[in-house]
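Welcome! Take a moment to look over the sequence and the 3D view, and then we will walk through them together.

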Amino acid sequence: MPRKLDLTGQDFGRLTVIDLHGLDSQGRIRWECLCDCGQLTRVMTWDLVRGHTRSCGCLKSDVLRERGRRRQTPVSIGSRHGLLTVTGEAGRDHAGRLLVTASCDCGGHTVARWNNLLTGVTRSCGCRKRAGRRLHRSAQTVLENRQEWREEEMEEEES
């Protein structure tokens, strides 16, 4: 029979073991732990001893938040993203994400999340949707020019 460990009072990352909680359905020992953030959580012995669980989940949130801060790409005024040209910063939204103002090729203006411009989620002021998914004027012109070029090329081949 394996000897019973007493982890009471020991620290594992942000967790401090308070008391033995009991056994789970498979007979494994679970401990009641208090996280540095004040949250209570229950963790199995194996996860504590091997370092698999070091917090109630707040550590992962903190790491992701910090990683997001470091990856913030600076706003480059005048940069083009789809049909939009960035004209300035507009503060932050309720979740702390950076907002920028941008002008569209159609003459409209919009405020968008900077990350949405970088990833291509936002590509216009909304004029493409309002036009019933018709092609934007500048895109239509490009397609017309391509068609004319193809027709001219075919005429030259026939000659």
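## Salt bridges across the chain

A salt bridge is a side-chain nitrogen of Lys or Arg within 4 Å of a carboxyl oxygen of Asp or Glu. Keep in mind that what you see here is a predicted model. With that definition in hand, look at Asp 62 and Arg 14: their side chains meet in a salt bridge, at 2.9 Å from N to O. This pair ties together distant parts of the chain, since Asp 62 sits in helix 2 (residues 58-70) while Arg 14 sits in the loop between strand 1 and strand 2 (15-23), 48 residues apart. Asp 62 counts as partly exposed, at 31% relative accessibility, and Arg 14 is partly exposed as well, at 25%.

The structure holds 6 salt bridges. Another one joins the side chains of Arg 80 and Asp 105, at 2.8 Å from N to O. Here too, distant parts of the chain are linked: Arg 80 belongs to strand 5 (residues 80-81), and Asp 105 to the loop between strand 7 and strand 8 (109-113), 25 residues apart. Arg 80 is partly exposed, with a relative accessible area of 45%, and Asp 105 is partly exposed at 37%. You can also find a network of salt bridges that links Asp 93, Arg 97 and Arg 113.

## The overall plan

How many helices and strands does the chain have? There are 5 helices and 8 strands. If you read along the sequence, they follow the pattern β-β-β-β-α-α-β-β-β-β-α-α-α. The chain has 159 residues, and buried residues make up 28% of them.

## An open sheet with two hairpins

Now follow the β part of the pattern. An open sheet is formed by 4 strands in the order 1-2-3-4, with antiparallel pairing. Its edge strands are strand 1 (11-12) and strand 4, and each of these pairs on one side only.

Strand 2 and strand 3 pair in the antiparallel sense over 7 bridges, and within this pairing Leu 23 stands opposite Ile 29 in strand 3. The two strands form a hairpin with 5 residues between them, and Gly 27 in the turn has a positive phi of about 85 degrees. Around this hairpin you will also meet a salt bridge between Arg 28 and Asp 24, whose closest N and O atoms are 3.0 Å apart. Are these two partners buried or exposed, or partly exposed? Arg 28 counts as partly exposed at 40% relative accessibility. Asp 24 has a relative accessible area of 16%, so it is buried.

Strand 3 (residues 29-35) also pairs with strand 4, in the antiparallel sense and over 5 bridges. Trp 31 has Val 43 in strand 4 as its bridge partner. These two strands form a hairpin of their own, with 4 residues between them, and Gly 38 in its turn has a positive phi of about 105 degrees.

## Two nonpolar cores and a surface patch

In soluble globular proteins, nonpolar side chains tend to be buried together. In this model, the largest nonpolar core has 13 residues, and those with the most contacts inside it are Val 75, Leu 84, Val 86, Val 100, Cys 104, Trp 114 and Leu 117. Strand 6 (84-92), strand 7 (98-104) and helix 3 each supply at least two residues of this core. Which element gives the largest share? Strand 7 does, with 4 residues. Apart from this core lies another one, of 10 residues, among them Leu 15, Trp 31, Cys 33 and Cys 35.

Nonpolar residues also appear at the surface: Ile 18, Leu 34 and Leu 40 make a nonpolar patch of about 240 Å². Leu 40 lies in strand 4 (residues 40-44), and it is partly exposed, with a relative accessible area of 48%.

## A stop at Thr 119

Finish your tour in helix 3 (residues 114-119), where you will find Thr 119. At 52% relative accessibility, Thr 119 counts as exposed. What does its side chain reach? The side chain of Thr 119 reaches the backbone oxygen of Asn 115, at 2.9 Å. Thr 119 and His 81 are 38 residues apart along the chain, and their C-alpha atoms are separated by 9.1 Å.

Definitions and conventions. Residues are numbered from 1 along each chain as its sequence is written. This is a predicted model: local features need pLDDT of at least 70, side-chain atom pairs count only at pLDDT 80 or more; totals for chains, interfaces and linings use all residues. Side-chain values use heavy atoms; hydrogens and water are left out. Patches are made of residues with over 30% relative accessible area and no salt bridge: like charges are joined within 9 Å, nonpolar side chains (Val, Leu, Ile, Met, Phe, Trp, Tyr) within 5 Å. Accessible areas come from the Shrake-Rupley method with a 1.4 Å probe; for residues, only the protein chains shown count as cover. Buried means under 20% relative accessible area, exposed over 50%, partly exposed in between (1.4 Å probe, protein chains only). A polar contact is a pair of N or O atoms within 3.5 Å; within protein, one must be able to donate a hydrogen and the other to accept it, and residues adjacent in sequence count only if both atoms are side-chain atoms. Two strands pair if DSSP finds at least two bridges between them. A nonpolar core is a set of buried Ala, Val, Leu, Ile, Met, Phe, Trp, Tyr and Cys residues joined through side-chain atoms within 4.5 Å.
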